[in-house]
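Subject: A structure for you to look at

Hi there,

Here is the structure I promised to pass on. Please have a look at it first, and then read my notes underneath.

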Amino acid sequence: MRRLIYTSCGLVLLSILCADYAEAQRRRYKRPANDRNIAKYKGGRVNDLRGEAKNVFVGVSINAMNYFGDITPLPKRLSTDIGFTRSGFGVEIGKKFHPNASARIGFNYGKIEASDFDTADPTEGSSGLGRYQRNLSFENTITELSLGFEFDLFPNYGGIGSRFNINPYIFIGLAGFTHDPKAIAPANDLFGNPLAEAGQLVSLRDLGTEGQNTGIDSLPGKYSKIQLAIPVGIGVKAKLLTNLDVQLEFGLRQLFTDYLDDVSGKDVELSLLDSELARALAERGTETTDVVSGDTRDTNFYSQVTYRSPHNGEVYNIGQEYSPGSVRGNIKDNDFYLVTQLRLVYYIQKGSKRRAKFR
């Protein structure tokens with residue numbers, strides 16, 4: 001995350017330096033204010049080409065979201081499953097305050113999903129096998145509100161009609177978002193008895209699958225549904241009409257939580273959880289079918305064993321990989337998500353000059 005922030009700051013500084021250079025060149029070749037050709041024009045409304053453009057803009061977008069976390073093909077920070085790309089939408093409003101800089105407020109809505117059954121390859125080493133045996137899955141709806149700053153590579157000193165036809169940009173900001181990871185409940189609990197919630201989408205946060213509801217200091221506390229993020233990314237603008245742009249933007253959201261997928265720390269002692277539903281969602285290694293697709297799991301790569309709790313003596317049916325205290329996810333790296341946006345932006349010119357009629 002530190003490297004990403006340093007890179008973003010460097011790009012912002014480069015954009016500002018480019019803008020200052022362009023401003024120096026503009027002043028060097030600036031037409032005198034008392035130029036007679038200019039003085040002859042009055043009446044009507046035109047953009048003031050000698051002044052800084054001031055405009056506001058509104059935009060609408062279709063979005064695609066991708067998740068990076070603990071339920072991915074590889075145990076790497078940049079690993080994701082493109083097959084779980086999900087759509088969404090967004091709106092924004094902003095104002096230009098510098099020849100190559102704008103402030104904007106945006107709202108985005110979308111969904112992220114992942115499944116060990118689909119992302120983990122049990123034939124590719126112990127990591128892939130362990131994830132396949134773990135058999136976790138989730139979906140999460142993201143509702144995001146952000147404030148950001150956008151820096152164009154090429155500054156515009158004129159009106160909206162003077163925009164470059166193609167203009168790359170970078171952005172950085174601060175966002176707040178809400179989330180609540182959920183999963184489909186299996187048919188049976190860990191004793192083999194039918195679950196009343198079978199097939200229902202249930203909140204994993206409410207169940208405390210890593211012991212968040214136990215109140216034990218050594219176990220993680222309950223995470224919040226409201227989180228902060230740092231949006232940072234790049235984009236390119238293409239001029240369609242005098243007042244209209246199309247933009248393609250790629251933005252990473254650096255997060256301060258590792259629970260977008262409800263997976264972070266270690267396997268919990270099952271007897272500490274407060275319901276059969278919570279135990280069934282914490283340990284899914286014995287399920288014979290994938291709850292997301294309905295496909296049959298390959299029994300060559302997982303098996304059922306029994307586990308007797310040292311706390312209450314209960315005997316649970318669990319997968320061979322589950323062991324209280326063993327690693328369930330990568331607690332060292334927080335989750336993050338990528339938002340790809342195709343956006344239409346409409347510009348509204350602010351400020352103009354009157355010119356005289358022809359004489």
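A salt bridge, as I use the term here, is a side-chain nitrogen of Lys or Arg within 4 Å of a carboxyl oxygen of Asp or Glu. Please keep in mind that this is a predicted model, so local features need pLDDT of at least 70 and side-chain atom pairs count only at pLDDT 80 or more, while totals for chains, interfaces and linings use all residues. Residues are numbered from 1 along each chain as its sequence is written, and side-chain values use heavy atoms, with hydrogens and water left out.

**Overview**

The chain has six helices and 14 strands (DSSP runs, H or I of at least four residues for helices and E of at least two for strands, numbered from the N terminus). Of its 359 residues, 44% count as buried, which means under 20% relative accessible area, with exposed being over 50% and partly exposed in between (1.4 Å probe, protein chains only). About 18300 Å² of the chain is exposed, and carbon and sulfur atoms supply 58% of that; the areas come from the Shrake-Rupley method with a 1.4 Å probe, and for residues only the protein chains shown count as cover. Taking contact to mean heavy atoms within 4.5 Å, residues 24 or more positions apart account for 75% of the chain's contacts with a separation of 6 or more.

**Confidence**

The average pLDDT (the predictor's confidence in each residue, from 0 to 100) is 86 for the chain, and 82% of the residues score at least 70. Two stretches deserve some care. Residues 25-51 stay under 50, and the model has 42 contacts for them beyond four places in sequence. Residues 353-359 also stay under 50, with 22 such contacts. Where pLDDT is low, the predicted coordinates should not be read in detail.

**Salt bridges**

Side chains of opposite charge can pair when their charged atoms come close. Searching the whole structure turns up 17 salt bridges. One of them brings together the side chains of aspartate 116 and arginine 134, at 2.8 Å from N to O. That pair links distant parts of the chain, with aspartate 116 in helix α3 (residues 116-119) and arginine 134 in helix α4 (residues 125-134), 18 residues apart. Both aspartate 116 and arginine 134 are buried.

Helix α4 has further buried residues, among them Gly128, Arg131 and Tyr132, and α3 is part of what covers the buried residues of α4. Just after α4, asparagine 135 adopts a positive phi of about 60°.

Another salt bridge joins the side chains of aspartate 152 and lysine 237 (2.7 Å, N to O). Because aspartate 152 lies in strand β5 and lysine 237 in strand β9 (residues 226-241), this pair ties together parts that are 85 residues apart in sequence. Aspartate 152 is buried at a relative accessible area of 6%, and lysine 237 is buried at 7%. Salt bridges with shared partners connect Glu92, Arg104, Glu150, Asp152, Lys237, Glu249 and Arg343 into one network.

**Arginine 343**

Where does arginine 343 lie? Its place is in strand β13 (residues 336-350), and arginine 343 is buried, with a relative accessible area of 3%. Its side chain makes polar contacts (N or O atoms within 3.5 Å; within protein, one must be able to donate a hydrogen and the other to accept it, and residues adjacent in sequence count only if both atoms are side-chain atoms). One is with the side chain of glutamate 249, at 3.2 Å, and another is with the side chain of glutamine 341, at 2.8 Å. Leaving out residues up to four places away in sequence, arginine 343 touches ten residues' worth of neighbours that include Gly59, Glu92, Arg104, Tyr169 and Asp245.**Strands β4, β5 and β6**

Strands pair here if DSSP finds at least two bridges between them. Strand β4 (residues 101-115) and strand β5 (residues 137-152) run antiparallel and are joined by 15 bridges, with phenylalanine 107 standing opposite leucine 145 in β5. β5 also pairs with strand β6 (residues 166-178), in the antiparallel sense, over ten bridges. Here phenylalanine 151 has isoleucine 170 in β6 as its bridge partner.

Glycine 173 is in strand β6 as well, and is buried with a relative accessible area of 19%. Its C-alpha is 5.6 Å from that of leucine 147, although the two are 26 residues apart in sequence. Beyond its neighbours within four places in sequence, glycine 173 is in contact with Leu147, Gly148, Ile230 and Pro231.

Best wishes
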